[in-house]
Amino acid sequence: MSASEPHRSSSLDRRSFLQTGAVSAAAIAVAGSASAPAAAAVTPRTADELPKRTLGKTGEELTILNAGTWRSPGLDRLLRLAYSSGIRVVDTAKSYGSEPGIGRWLQQMPEVRKNIFLVTKDGVNDPKDLLRTVDERLADLKTDYIDLYFVHGLGSNKVDWPKSKEFKEAAEALRKSGKVKYVGFSTHDATRAQQIMNAAEGGFVDAIMLQFTPWLDKDDPLNKALDACYEKGIGLISMKQVAGTFGAYKEDEDPLAEAQKRVPMLQEKGFSPYQGLLQAIWSDERITTTCVSMRNTDQIRENVAAALDFGKTGPLKLSQIHQLRDACRGHGMTLCADCDGRCSRAAGTEAPLGDLTRYLTYLEHHGYKSEARRLYAELSDTQRSWRGADLEAARRACPNGLNFSRLLPRVDDLLA
């Protein structure tokens, strides 16, 4: 039996099994057709090829690891290594600052273009502006077509866009122009569960990129929305995965050793916690590929190793996913990928607690210091004012139990 056969025969049963428990590991999906998607399967590959999954009903096969390029230093070197390592999805956006670098790379290596799946994004306030922004993206990327184009960061004021007549017409015009093959949106908004459910109802969006965690409660609205999109053959891509994990150990503790002690699978494979989390995400059939911003060659090699191993060994056991979840929640998460604003509501504050801790993650764990400070500076005084909020109530409401009493003073110290 090949490495992929167990996935095809059991993945739907596995999803049902996961969702009858407390968690559902989610992130790699295959939809076979618009009406009745097939069970997810890792496409068989040679030993040194990365596993691939199909992007919804598009039929496009994407590597399960996706090279994010947000504020990537040494971009040319990283792109070359990612490509030579087998990564065939490259993700960028107007705001990332990496489109011109990708354009230079494609000019230097023109044979690469036909082998990669190129994703970019731009924010618009009116669907009619999409075609104009696509022309700008094409100019920066030095290419004549984009594989997947996202409306960037769909906000709560656009929650109905994914089923609106205006967005549908704009998407159809983009595809008809030949400049874009597929159209969708990205979101890490508090309303993303409703946005994604609306996309399932609208039926015209090809793919969605969403902030995601590999453990969702069965009855979580986001979980139900993902199921609805999966059944409609809408491709799903994860981003902003669990971050800032394993960061609250005592000074005399080794974070890697402590994580491996709590999660034996990590020790057996010699993996870091993040490699384990990627495999937890890939253990769900719904989301096609995982976008990861890799800022150095070590990160590329480690994440590629995790993907290759997953292709050989397949999904994690439920017990291993539980161990990862518990270890993350117990040792210093700073970002809750499940955030829908319930923490702020429970705390009785207008301060977006989930955003504040996300900016801290950008600074401390991703190294995006200037971006974290820029985003923090854009907040109003009221939005920065969390003092007086019931932070213990916020912690209880948070799906991942973030310790806001510990984290928010750090936000003030490092970002104010």
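Student: Let's start in the sheet: which residue in E7 stands opposite Phe-150?

Tutor: Gly-184 in E7 is the one facing Phe-150. Before going on, keep in mind that this is a predicted model, where local features need pLDDT of at least 70, side-chain atom pairs count only at pLDDT 80 or more, and totals for chains, interfaces and linings use all residues. Numbering runs from 1 along each chain as its sequence is written, and side-chain values use heavy atoms, with hydrogens and water left out.

Student: What do labels like E7 and H4 stand for?

Tutor: They're DSSP runs numbered from the N terminus: helices (H or I) of at least four residues, and strands (E) of at least two. Strands pair if DSSP finds at least two bridges between them. Here E6 (residues 146–151) pairs with E7 (residues 180–187) in the parallel sense, over five bridges.

Student: How many bridges join E5 to E6, and in which sense do they run?

Tutor: Four, and E5 (residues 117–122) runs parallel to E6. One place to look is Thr-120, whose bridge partner in E6 is Tyr-149. Between the two strands the chain passes through helix H4 (residues 130–141), making a right-handed β-α-β crossover. Right-handed means that, with the strands pointing away from you, the path from the first strand over the helix to the second runs clockwise. The next unit, E6 to E7 by way of helix H5 (residues 165–177), is right-handed too.

Student: Is E6 enclosed or open, and why?

Tutor: Check relative accessible area: under 20% is buried, over 50% exposed, and in between is partly exposed (1.4 Å probe, protein chains only). Six of the six residues in E6 are buried, so the strand is largely enclosed by the rest of the structure.

Student: What is the sign of phi at Lys-142?

Tutor: Positive, near 55°, in a residue other than glycine. You'll find Lys-142 in the loop between H4 and E6, where it counts as partly exposed because its relative accessibility is 48%.

Student: How many salt bridges are there in the whole structure?

Tutor: A search finds 25. The general idea is that side chains of opposite charge can pair when their charged atoms come close. The cut-off puts a side-chain nitrogen of Lys or Arg within 4 Å of a carboxyl oxygen of Asp or Glu. Try Arg-132 and Glu-136, which meet at 3.2 Å, N to O. Both belong to H4 and sit four residues apart, about one turn of the helix. Arg-132 is partly exposed at 43%, and Glu-136 is partly exposed at 31%.

Student: Which residue does Arg-175 form a salt bridge with?

Tutor: Asp-206, with the closest N and O atoms 2.6 Å apart. Arg-175 is in H5 and Asp-206 in the loop between helix H6 (192–202) and strand E8 (207–211), so this pair ties together parts 31 residues apart in sequence. Arg-175 is partly exposed at 25%, while Asp-206 is buried at 10%.

Student: And where do Asp-227 and Arg-286 lie?

Tutor: First, their side chains meet in a salt bridge (3.1 Å, N to O). Asp-227 is in helix H7 (residues 221–232) and Arg-286 in the loop between helix H10 (273–282) and strand E10 (289–293), so-called distant parts of the chain, 59 residues apart. Asp-227 and Arg-286 are both buried. Elsewhere, salt bridges that share partners join Glu-99, Asp-122, Arg-132, Glu-136, Arg-137 and Asp-140 into one network.
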